[in-house]
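Me: I am a first-year student, and I would like to take a close look at a single part of this structure. Please walk me through it slowly.

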Amino acid sequence: DTTPVVIESNDHSRVFGAEGHHTTILGLKYLEQTIRPGLKVLDYGTGTGIQAIAALKLGAQSALAVDIDHDAVEVAEENGKRNNVADRLEVRLAQNIDGTEGPFDVCIANILPGVLIDLAPHLSLYVKEGGRIGLTGLKKRDIQNVKNAFKMAFEFDDEHIELGADAHLPEWSEEWGDQKDWVLLLATRTASKIQYEHLSAHAHGERQELQILTIKNIIIAIVLLAVMTIVPRLGKLKGE
């Protein structure tokens, strides 16, 4: 059986969350495995609302879809109406939530790894003990940094979700560029009572480490480019 979800955005680049990106597909696979009737779902970084809407159509009781983008909130609300789930879907700007909305049974967050790391303390507070979280928007190289930021409050599964080379993607998805190595991490909220301040400090440390790694990669690329430029010139000079 399939669960149809109608998602519309006049411009694929306007709001993230069309079916053509690997991370969107990974999120949908996670929800298909996780959602059961009656669960409360948090979709953080909702974009078009596709993940929250899919969760509702799979049987979730309610969903809160959150984004920092005003356009995303507008598009997600319209897509909720198109899919006849508006009565169970709440869409809000991230700056308008205050921590009283949870706790949630399931959370899906499809955001860049640096932002996921920053959000670790907040998402930890929103997911109930024993609840499940799916984290995507990251590649294999980001796994350890993201895990480190969340591990004080979550226990990660041994396996993550990734798509094979035979994954079906629409032709226009090529505009997203390289889609290799995207993954989705799965974890369960533990009974940890660690203070929010400790979680924030830990996440901040992981974000700094991620930034250092990024700077190192840039420096290495610059050095390699310089070597590739200089060496042929030296060889030419020797030949003269």
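Which strands does helix H4 (residues 113–126) lie across, and at about what angle does it run to E5?

Reply: Please keep in mind that this is a predicted model. Helix H4 lies across E1, E4, strand E5 (127–139), E6 and strand E7 (182–189), and it runs at about 170° to E5. To place those strands, it helps to look at the sheet they belong to, which is an open one of seven strands with mixed pairing, in the order E3-E2-E1-E4-E5-E7-E6. The edge strands are E3 (89–93) and E6 (154–156), each of which pairs on one side only, and from one strand to the next the twist averages 20°. Two of the strands that H4 lies across, E1 (residues 40–44) and E4 (residues 104–110), pair in the parallel sense over four bridges, and Val41 has Val106 in E4 as its bridge partner.

Turning to the helix itself, H4 has 14 residues and reaches 19 Å from its first C-alpha to its last, which is close to the 20 Å expected at 1.5 Å a residue. There is nevertheless a kink of about 55° at Ala120, shortly before the proline Pro121, and both Ala120 and Pro121 are among the buried residues of H4. The other buried positions include Leu116, Ile117, Leu119 and Leu123, along with Ser124 and Tyr126. Because ten of the 14 residues of H4 are buried, the helix is largely enclosed by the rest of the structure.

How values were computed. Residues are numbered from 1 along each chain as its sequence is written. This is a predicted model: local features need pLDDT of at least 70, side-chain atom pairs count only at pLDDT 80 or more; totals for chains, interfaces and linings use all residues. Side-chain values use heavy atoms; hydrogens and water are left out. Two strands pair if DSSP finds at least two bridges between them. Axes are lines fitted to C-alpha atoms, for helices over the stretch in contact, and angles run from 0 to 180 degrees between N-to-C directions. Contact means heavy atoms within 4.5 Å. The expected span of a helix is 1.5 Å times one less than its number of residues. The bend at a residue is the angle between axes fitted to the seven residues ending there and the seven starting there. Buried means under 20% relative accessible area, exposed over 50%, partly exposed in between (1.4 Å probe, protein chains only).
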